[in-house]
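Here is a short report on one protein chain. It covers confidence, salt bridges and aromatic pairs.

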Amino acid sequence: MKTNVLGNSDLAITSVGFGAWAIGGDWEFGWGAQDDAQSVAAIHRALELGGVNWIDTAAVYGLGHSEEVVARALQEWQGPRPYVFTKCGMIWNGPARWVTHYARNPSGASAKPACAGSRRT
């Protein structure tokens, strides 16, 4: 698969990535209940075919569930490591399925929790 350099970085990314919004599951802005095993299998298949070398997720996708599923998929994945792009700055404090109350926190401090789960060992 053809790759392109991302901006001024040295990251060569594929034109297509894996968008993880839907695997967040059943929440206010979600697409309904999802099967986590099927979501993991879909991530593995996208990586296996070689057309994807990056995954887009965010803490607000399923109120953290999407990132948990992506982490599980990558823990089980034995192939080349994809890039994981996440977003930060929105912090929810409402009930578990709803983003009724959220705050924007554009500081660097809000990025630390968003990236903590994506570290590789």
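The sections below take these topics in turn.

## Confidence

This is a predicted model. Mean pLDDT for the chain is 80. Of its residues, 72% reach 70 or more.

Confidence varies along the chain. It is highest in helix α1, residues 36–48, at 96. It is lowest in strand β7, residues 102–104, where the mean is 54. Over residues 117–121, pLDDT stays under 50. For that stretch the model has one contact beyond four places in sequence. Where pLDDT is low, the predicted coordinates should not be read in detail.

## Salt bridges

How many salt bridges does a search of the whole structure find? The search returns two.

One joins R45 and E48, with the closest N and O atoms 2.4 Å apart. Both residues lie in helix α1, three residues apart, so about one helical turn separates them. R45 is partly exposed, at a relative accessible area of 45%. E48 is exposed, at 51%. The cut-off for exposed is over 50%, which is why E48 at 51% and R45 at 45% get separate labels. Helix α1 is also where confidence is highest.

The other joins R72 and E76, and here the closest N and O atoms are 3.4 Å apart. These two sit four residues apart in helix α2, which spans residues 65–76. Again, the separation is about one helical turn. R72 is partly exposed, with 34% relative accessibility. E76 is partly exposed as well, with a relative accessible area of 41%.

## Aromatic pairs

A search of the whole structure finds three aromatic pairs. One of them is Y83 with F85. A pair of aromatic rings is described by the distance of the centres and the angle of the planes. For Y83 and F85, the centres are 6.2 Å apart and the planes differ by 15 degrees. Planes under 30 degrees apart count as stacked, so the Y83–F85 pair, at 15 degrees, is stacked.

Are these two rings buried or exposed, or in between? Y83 is partly exposed, with a relative accessible area of 30%. F85 is partly exposed too, at 24% relative accessibility. Buried means under 20%, so F85 at 24% does not count as buried.

The pairing extends to a third residue. Ring pairs link W54, Y83 and F85 into a cluster.

Technical notes
Residues numbered from 1 in each chain as written. Predicted model: local features only at pLDDT ≥ 70, side-chain atom pairs only at ≥ 80, totals over all residues. Heavy atoms only, no water. pLDDT = per-residue confidence, 0-100. Contact = heavy atoms within 4.5 Å. Phe/Tyr/Trp six-rings, centres within 6.5 Å; stacked < 30°, edge-to-face > 60°. Buried < 20%, exposed > 50% of the residue type's maximum accessible area, 1.4 Å probe, protein only. Salt bridge = Lys/Arg side-chain N within 4 Å of Asp/Glu carboxyl O.
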